[in-house]
Amino acid sequence: MLNIFYHTGRYFLLLKRVFSRPERGRVFLRQTVRETINMGISSIGIVLIISMFMGAVCAIQMAYNLQNPIIPRYLIGLGTRETLLLEFSSTIVALILAGKVGSNIASELGTMRVTEQIDALEMMGVNSACYLILPKITAFVFFIPVLTIFSMAIGLLGGYVASFGTVGLTPHDYVVGITSFFKPFYVTYSLIKSLFFAFIIASVSSYHGYYAGGGALEVGKASTHAVVHSSIIVLLFNLILTKLLL
Amino acid sequence: MIEVKNVCKEFSSQKVLNDICAEFLPGKTNLTIGQSGSGKTVLLKCIAGLHNVSSGDILYDGRSFTAMNEKQRKEIRKEMGMVFQGGALFDSNTVEENVMFPLEMFTHMTYDERRERAHECLKRVNIINAEKKYPAEISGGMQKRVAIARAIALNPKYLYCDEPNSGLDPVTSIVIDNLIKDITIEYNITTIVNTHDMNSVMEIGDKIIFIYKGKKFWQGTSSDIFQSGVKELDDFVFASSRMKQIRALQQK
């Protein structure tokens with residue numbers, strides 16, 4: 001229990017150092033662009049592939065479960081859309097990114113720590129926490145809405161593709177379903193959640209990487225802890241935000 | 001000049017440095033020697049401000065480093081350069097970018113000026129035609145030289161080298177040692193070098209401090225080291241059979 005307080009306290013102290021004024025605005029911008037490419041743009045592929053398949057599977061399972069003459073068939077499309085908008089494109093994508101981006105951040109910072117690169121920055125008088133972590137958080141929080149929207153669009157497209165050749169579902173019914181009773185707030189809700197999740201993934205993973213000690217083994221452990229802890233916190237905040245926003 | 005006054009450092013309940021007092025002079029290559037785990041690196045990191053001392057004081061030209069706030073420390077750190085044991089070059093930057101980094105962070109030089117200064121420093125450490133390479137693409141000796149170039153880019157007043165020739169062959173070690181000594185004299189820097197390499201001690205040691213189990217046991221020059229009369233130092237200096245032979249020859 002004391003351990004949790006220790007880590008929580010140290011996490012917030014680290015955040016205090018992270019959110020200070022960067023030494024050089026130009027360097028911060030350049031780093032942010034670099035991180036946007038490293039973490040955001042490089043994640044588009046995996047997000048699109050997973051969203052496509054998940055959208056398709058979602059539509060097929062909806063069709064399988066709603067095989068009832070009294071249930072309108074457009075509900076299959078509607079159900080698929082709501083699943084994607086409300087939960088999949090924000091939470092599930094965040095969990096996937098916790099694995100990809102979180103482990104990447106933790107291992108990068110962990111390696112920098114054990115090879116004394118962070119010490120070298122401190123030695124020069126650079127606020128290493130701000131220099132290394134702030135661009136990562138900024139880039140990921142800035143770019144995650146793009147990934148979420150891509151995921152929504154491709155997920156819906158996946159469902160449409162699956163509607164060809166699925167028993168009990170036609171492309172026309174699917175399109176009617178996904179265009180019926182649309183609530184724009186669901187997109188806003190999903191985007192708000194994704195912003196929180198991006199912050200959690202980037203900051204928690206950075207924390208684990210930044211304070212990694214020892215050697216390669218410890219970097220591996222830091223990477224694992226980063227993924228596990230950010231996933232758990234994402235799920236916790238998913239519950240809290242859903243309670244607050246819906 | 002750097003003065004270390006009664007410095008103690010503890011990690012949890014373990015005392016790593018115990019009442020260390022020393023003076024490090026400008027324009028001299030000051031060596032800290034001792035076995036692995038004796039506390040040399042911790043002392044160097046305390047002096048550099050990477051570790052806070054548990055008690056005692058560190059004075060930079062009379063200015064108390066321990067009493068400084070973070071802002072003042074940050075200012076004084078711009079006067080320091082450090083060469084880490086593994087080089088600590090930034091993997092994602094090229095050799096040239098590594099040397100340009102402190103210039104970009106702390107000066108208002110234009111890109112061309114920074115580049116020119118970086119090339120000047122690289123030339124000083126004999127790194128030619130490797131500017132666009134990444135640290136992983138160059139040898140260990142070259143990495144150390146690039147680290148020295150980065151450390152001197154801002155014309156530091158204080159230079160710290162933590163085992164600069166560990167993992168290097170004897171020839172490259174001598175090149176690095178001589179480079180450190182030359183730069184120290186050329187720029188009148190207060191240089192502190194941590195080492196357990198007796199070749200370095202004999203080659204470049206102007207002033208030597210021997211640390212044993214966290215305590216300062218002896219200080220002197222490279223010519224005094226064979227007649228120190230300190231058992232722990234003798235055990236360290238004459239650990240190898242080769243050194244024992246040299247002592248026997250001297251005694252004859």
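Strand S1 (residues 2–11) of chain B lies antiparallel to strand S4 (residues 55–60) of chain B, and five bridges hold the pairing. Strands here are DSSP runs of E at least two residues long, helices are runs of H or I of at least four, and both are numbered from the N terminus; two strands pair if DSSP finds at least two bridges between them. One bridge to look for puts B:Ile2 across from B:Tyr60 in S4(B). Before going further, note that this is a predicted model, where local features need pLDDT of at least 70 and side-chain atom pairs count only at pLDDT 80 or more, while totals for chains, interfaces and linings use all residues. Residues are numbered from 1 along each chain as its sequence is written, with chains lettered from A and ligands numbered from 1 in the order in which they are written.

Now widen the view to the sheet around that pair. S1 and S4 belong to an open sheet of four strands in chain B, ordered S2-S1-S4-S5 with antiparallel pairing. At the edges sit strand S2 (14–24) and strand S5 (63–64) of chain B, each of which pairs on one side only.

Back on S1, have a look at B:Asn6, which is placed in this strand of chain B. B:Asn6 isn't a glycine, yet its phi is positive, about 50°. It counts as exposed because 12 other C-beta atoms lie within 10 Å; the cut-offs are 20 or more other C-beta atoms within 10 Å of a residue's own for buried, 12 or fewer for exposed, and partly exposed in between, with C-beta atoms placed from the backbone. B:Asn126 is another non-glycine with a positive phi, this time about 65°. You'll find B:Asn126 in the loop between H4 and H5 of chain B, and it is exposed, with 11 C-beta neighbours inside 10 Å.

Next, try strand S6 (residues 80–83) of chain B, which is covered on both faces: B:Met80 and B:Met82 are buried on one side, B:Gly81 and B:Val83 on the other. S6(B) runs parallel to strand S7 (residues 158–162) of chain B, joined to it by four bridges. Across from B:Met80, in S7(B), stands B:Tyr158. Leaving out residues up to four places away in sequence, B:Tyr160 touches B:Leu44, B:Ile47, B:Ala48, B:Met80, B:Met82 and B:Ile192; a contact needs C-beta atoms, placed from the backbone, within 7 Å of each other.

From there, go on to helix H5 (residues 140–152) of chain B. Its 13 residues reach 19 Å from first C-alpha to last, close to the 18 Å expected at 1.5 Å a residue (the expected span being 1.5 Å times one less than the number of residues). This helix is mostly covered, with 11 of its 13 residues buried. The buried set includes charged-type names such as B:Lys144, B:Arg145 and B:Arg150, as well as B:Val146 and B:Ile148. Buried residues of H5(B) pack against S6, helix H3 (95–106), helix H4 (111–124), S7 and helix H6 (170–187) of chain B.Zooming out, chain B holds nine helices and 10 strands in total. Its radius of gyration, taken over C-alpha atoms, is 19 Å, close to the 18 Å that the globule rule gives for 252 residues, so chain B is as compact as a globular protein of that length; the rule is 2.2 Å times the number of residues to the power 0.38. Of these 252 residues, 42% count as buried. Among contacts in chain B between residues at least 6 apart in sequence, 65% join residues at least 24 apart.

What about the other chain? The contact between the two takes 13 residues from chain A and 14 residues from chain B. On the chain A side, helix H5 (residues 117–124) of chain A supplies the largest share, six residues. That side divides into five nonpolar, three polar and five charged residues, where Ala, Val, Leu, Ile, Met, Phe, Trp, Tyr, Cys and Pro count as nonpolar, Asp, Glu, Lys and Arg as charged, and the others, Gly among them, as polar.

Finally, pick out A:Leu169, placed in the loop between helix H6 (128–163) and helix H7 (171–178) of chain A. A:Leu169 counts as buried because it has 26 C-beta neighbours inside 10 Å. The residues it touches, not counting those up to four places away in sequence, are A:Ala59, A:Ala63, A:Arg73, A:Ile76, A:Ser163 and A:Tyr174. Its C-alpha atom is separated by 9.4 Å from that of A:Met62, 107 residues apart along the chain.
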